[in-house]
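Trainee: I would like to take a close look at a single part of this protein, and I would be glad of a careful answer.

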Amino acid sequence: MVIARRPLLTATAAGTLLAALWFVPSANATDEPAGPSGNRSGPTTTTATTAGDTSAGPRLADTGTGIDTTPYLIGGVAFLGIGAALVSHSARRTDALSV
């Protein structure tokens, strides 16, 4: 009986990676409570509130609209293309070995 160990190792490695990434903290933009002296740690900024803004909840930071996402888009498409090429090559190689 032949046991295919490579798929088991791949599945184990993928499961281990996902389990490790589960514990990576996420970056949440939340309002920090005041310290013991009443001051917040870090730089402080003042913003003007609009007349209709009566919300008492925490306000999130403005990320701006000038963020250039082109490098991320190009990198994502490149990795997607490389992955598709590797899968295609592997499928052709498997078909060639079975003939």
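Trainee: Which residues make the nonpolar surface patch of about 290 Å²?

Mentor: In this predicted model, the patch is made by Leu 17, Leu 21 and Val 24, and its area is about 290 Å². One of these residues, Leu 21, lies in helix H1, which runs over residues 5–22. The end C-alpha atoms of H1 are 26 Å apart, and this agrees with expectation because 18 residues at 1.5 Å a residue should span 26 Å. H1 is hardly covered, since the count of buried residues among its 18 residues is 0, where buried means under 20% relative accessible area. To place the patch in its setting, turn to the whole protein, whose secondary structure comes to 2 helices and 0 strands. The other helix to consider is H2, residues 70–98, whose 29 residues reach 42 Å from the first C-alpha to the last, close to the 42 Å expected. H2, too, is hardly covered, with a count of 0 buried residues among its 29. Across the 99 residues of the protein, buried residues make up 0%, and the protein exposes about 9,600 Å², of which carbon and sulfur atoms supply 65%.

Notes:
Residues numbered from 1 in each chain as written. Predicted model: local features only at pLDDT ≥ 70, side-chain atom pairs only at ≥ 80, totals over all residues. Heavy atoms only, no water. Helix = DSSP H or I, 4+ residues; strand = E, 2+ residues; numbered from the N terminus. Expected span 1.5 Å × (residues − 1). Buried < 20%, exposed > 50% of the residue type's maximum accessible area, 1.4 Å probe, protein only. Areas by Shrake-Rupley, 256 points an atom, 1.4 Å probe, with all protein chains shown as cover. Patch = residues over 30% accessible without salt bridge, like charges linked within 9 Å, V, L, I, M, F, W, Y side chains within 5 Å. Salt bridge = Lys/Arg side-chain N within 4 Å of Asp/Glu carboxyl O.
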